[in-house]
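Please look over the sequence and the model shown here before reading on. The paragraphs that follow go from a single residue to the elements around it, and then to the charged pairs and the cysteines.

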Amino acid sequence: MRIANNLSQVLSGCPFGDKYDLTIGTSEKGTNVEEADLKSSSFKHALVVFGGLQGLEAVVEADEAITTSEPSQLFDLYLNTCPDQGSRTIRTEEAIYISLASLHSKFH
């Protein structure tokens with residue numbers, strides 16, 4: 001476990017070398033996870049990033065070290081892992097389980 005003060009530290013502080021093999025940002029504004037072909041992805045160390053109530057957009061905006069305002073530019077994949085969610089927000093602890101289940105089925 002490690003503690004990062006902002007998103008740029010999360011992305012740059014990979015404990016497995018220079019960077020993660022695969023980075024995934026999650027957002028209701030991302031590509032539907034059902035449309036993603038992840039079976040061909042070859043990686044050893046993946047990072048899945050979740051935003052808070054205001055999403056990754058607010059996380060990016062609050063990080064002075066990030067020069068883009070578009071979160072999708074920071075990740076290999078920018079996915080909506082909870083399509084058709086039916087509510088404006090999903091609690092992060094619920095989104096984690098939903099997202100990992102969606103991603104797991106795509107990698108196998």
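Contact is taken here to mean heavy atoms within 4.5 Å of each other. The model is a predicted one, and in it Ser-102, a residue of helix 3, touches Val-33 and Thr-81 once the neighbours within four places in sequence are left aside. Because buried stands for a relative accessible area under 20%, Ser-102 counts as buried with its relative accessibility of 15%.

Ser-102 belongs to a group, since the buried residues of helix 3 are Ala-95, Ser-99, Ser-102, Leu-103 and Lys-106. Seen down the axis of helix 3, these buried residues fall within an arc of 95°, and therefore they line one face of the helix. What lies against that buried set is strand 1, strand 2 (46–49) and strand 3 (77–80). As for its length, helix 3 comprises 16 residues (92–107), which at 1.5 Å a residue should span 22 Å, and the distance of 22 Å between its end C-alpha atoms agrees with this expectation.

Helix 2 can be read in a similar way. Gly-55, Leu-56 and Val-60 are its buried residues, and the elements that cover them include helix 1 (7–12), strand 1, strand 2 and strand 3.

The strands themselves come next. Strand 1 and strand 2 run parallel and are joined by four bridges; in one of the pairings between residues, Gly-25 has Val-49 of strand 2 as its bridge partner. In a regular strand the side chains alternate between the two faces of the sheet. Strand 2 shows such an alternation, with Leu-47 and Val-49 pointing to one face, where they are buried, and Ala-46 and Val-48 pointing to the other, where they are not.

Asn-32 lies in strand 1 and is partly exposed, its relative accessible area being 23%. Leaving aside its neighbours within four places in sequence, Asn-32 is in contact with Asn-80 and Pro-83. Arg-2, by comparison, is separated from Asn-32 by 30 residues in sequence and by 30 Å in space, taken from C-alpha to C-alpha.

How many salt bridges does the model contain? Side chains of opposite charge can pair when their charged atoms come close. With a limit of 4 Å between a side-chain nitrogen of Lys or Arg and a carboxyl oxygen of Asp or Glu, the count comes to two salt bridges. One of them joins Glu-57 and Lys-29, whose closest N and O atoms are 4.0 Å apart. This pair links distant parts of the chain, for Glu-57 sits in helix 2 (residues 55–62) and Lys-29 in strand 1 (residues 22–32), 28 residues apart. Glu-57 is partly exposed at a relative accessible area of 22%, whereas Lys-29, at 58%, counts as exposed. In the other salt bridge, the side chains of Glu-93 and Arg-91 meet at 2.2 Å, N to O; here Glu-93 is partly exposed at 41% relative accessibility, and Arg-91 is exposed at 52%.

The cysteines complete the account. A disulfide is a covalent bond between the sulfur atoms of two cysteines. With a limit of 2.5 Å between the sulfur atoms, the count of disulfides comes to zero. Cys-14 is buried, with a relative accessible area of 8%, and Cys-82 is buried too, with a relative accessible area of 9%.

Technical notes:
Residues are numbered from 1 along each chain as its sequence is written. This is a predicted model: local features need pLDDT of at least 70, side-chain atom pairs count only at pLDDT 80 or more; totals for chains, interfaces and linings use all residues. Side-chain values use heavy atoms; hydrogens and water are left out. Helices (H or I, at least four residues) and strands (E, at least two) are DSSP runs, numbered from the N terminus. Buried means under 20% relative accessible area, exposed over 50%, partly exposed in between (1.4 Å probe, protein chains only). The expected span of a helix is 1.5 Å times one less than its number of residues. The arc is that of the directions from the helix axis to the C-beta atoms. Two strands pair if DSSP finds at least two bridges between them.
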